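Q: I should like to learn how to read the features of a structural model, beginning with a bound ligand and then turning to the fold. Could we take them in turn?

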Amino acid sequence: MKIKQAGLILVALLLGVLFIASSSIAGTPKDGKYYFDTLKESMLEVLAENQALINVKPDGSIKSKKLLPKSYYKKTYEQFKKIGVGKKFKLKALKGETDPQVIAPILTTLLQAGRITTAKFQKAINSEADGTVKLKKFIPAVFGQLTVDRFHKKTGIQMKQTTLGKNDYKERNKYNAPNKWEEKGLHAVTAKNWQTNAGYSEKTAAEYRYMKPIYIKKGCLGCHGVPIGEKGPYGHPKEGYELNDIRGGISISLPIQ
Ligand code: HEC
């Protein structure tokens, strides 16, 4: 009997210690590693959920290994290193990092890298096993939106793809229309003397807001390029962007912890 009681007390003590430990974890601010991993996880989930749409042949086998979530993400991560964070970037450095000024550029760059990969993969995504083409609407903006929706559900943090438009053409989807601060941010990053890749940021009492400019790459031109007004594959008029133009931005609002 005595041994059993001692055992029970020990279990109670252990539970107590666990409870205190977990509540102090919940109270600590989320770090860059947590946000990075959660954005990555959101992408992988979106890719896994859309395999039937983008990567499965009628007989159930896969079309291309590169469209599998893990390899798709690998390409995204390579792209991420290429477009602004530099070769020396180490994921480990995000551990314990809570400064939104550090975190915001990383997260927006990762999303942008996923969008660029999605633009590059359009041919693979839309090609059928028999060589025909069937548009899947799994385009950068859609991949990005699905990802940020998921990320928002998991973290409460809002990321958005937005634009000022060009040549009489505003955003294609009302959902992407900039709000007041986003408009200010987009004007800032499109100003003539603005440094390439530099983001715009501002702070309120509650949040740190950041706008990362996104540029037109080769893969974007078929839908957003010239001739102005010509219909792209999804029926939207092309806005007339040229290579390396700023197409818009990715905004993020991080809570000040
Ligand atoms: C296959 C065609 C296609 C390609 C390729 C493409 N886009 Fe788009 N893009 C669209 C469509 C269609 C929308 C509207 C999506 C929606 O309805 O949400 C859009 C929306 C956007 C938006 C959101 C703002 C808005 O107008 O609603 C941004 C920003 C954007 N695209 C940038 C890019 C960039 C940068 C690239 C290249 C990396 C790219 N797009 C490649 C078709 C494309």
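A: We may begin with a polar contact in this predicted model. Such a contact is a pair of N or O atoms within 3.5 Å. Here an N or O atom in the side chain of Asn 173 is 2.9 Å from an oxygen atom of the ligand.

Q: Which atom of the ligand lies 2.8 Å from a polar side-chain atom of His 224?

A: That atom is a nitrogen of the ligand. For Arg 247, the partner of the polar side-chain atom is an oxygen of the ligand, at 2.7 Å.

Q: Which elements give two or more residues to the shell around the ligand?

A: They are helix H5 (100–120), helix H7 (140–155), strand S3 (207–215) and helix H9 (221–224).

Q: How many residues are around the ligand, and which come nearest?

A: There are 21 residues around the ligand, and those that come nearest are Arg 172, Cys 220, Cys 223, His 224 and Arg 247. By character, the shell divides into nine nonpolar, seven polar and five charged residues.

Q: Where does the ligand sit with respect to the pockets?

A: The ligand takes up the space of the largest pocket.

Q: How should I read the sheet?

A: The general idea is that strands of a sheet pair through backbone hydrogen bonds, in either a parallel or an antiparallel manner. In this model, four strands make an open sheet with antiparallel pairing, and their order is S1-S4-S3-S2.

Q: Which are the edge strands?

A: Strand S1 (158–162) and strand S2 (200–203) are the edge strands, each pairing on one side only. From one strand to the next, the twist averages 15 degrees.

Q: How many bridges join S2 to S3?

A: Four bridges join these antiparallel strands. One residue pair to inspect is Ser 201 with its bridge partner in S3, Tyr 210.

Q: What does the backbone show at Val 226 and Pro 227?

A: For a peptide bond, one reads the omega angle. The bond joining Val 226 and Pro 227 is cis, with omega of about -5 degrees. Pro 227 is placed in the loop between H9 and strand S4 (246–255).

Q: What is the phi of Asn 167, and where is this residue found?

A: Asn 167 has a positive phi of about 45 degrees, although it is not a glycine. Asn 167 belongs to the loop between S1 and helix H8 (180–190).

How values were computed:
Residues numbered from 1 in each chain as written. Predicted model: local features only at pLDDT ≥ 70, side-chain atom pairs only at ≥ 80, totals over all residues. Heavy atoms only, no water. Near = heavy atom within 4 Å. Polar contact = N/O pair within 3.5 Å; in protein donor to acceptor, adjacent residues only side chain to side chain. 1 Å grid on protein atoms, 1.4 Å probe; cavity = no way out; pocket = protein on both sides within 12 Å on 5 of 7 lines; lining within 4 Å. Sits in = over half its atoms within 2 Å of the grid points. Nonpolar A, V, L, I, M, F, W, Y, C, P; charged D, E, K, R; others polar. Pairing = 2+ DSSP bridges. Axes fitted to C-alpha atoms, helices over the stretch in contact; angles between N-to-C directions.
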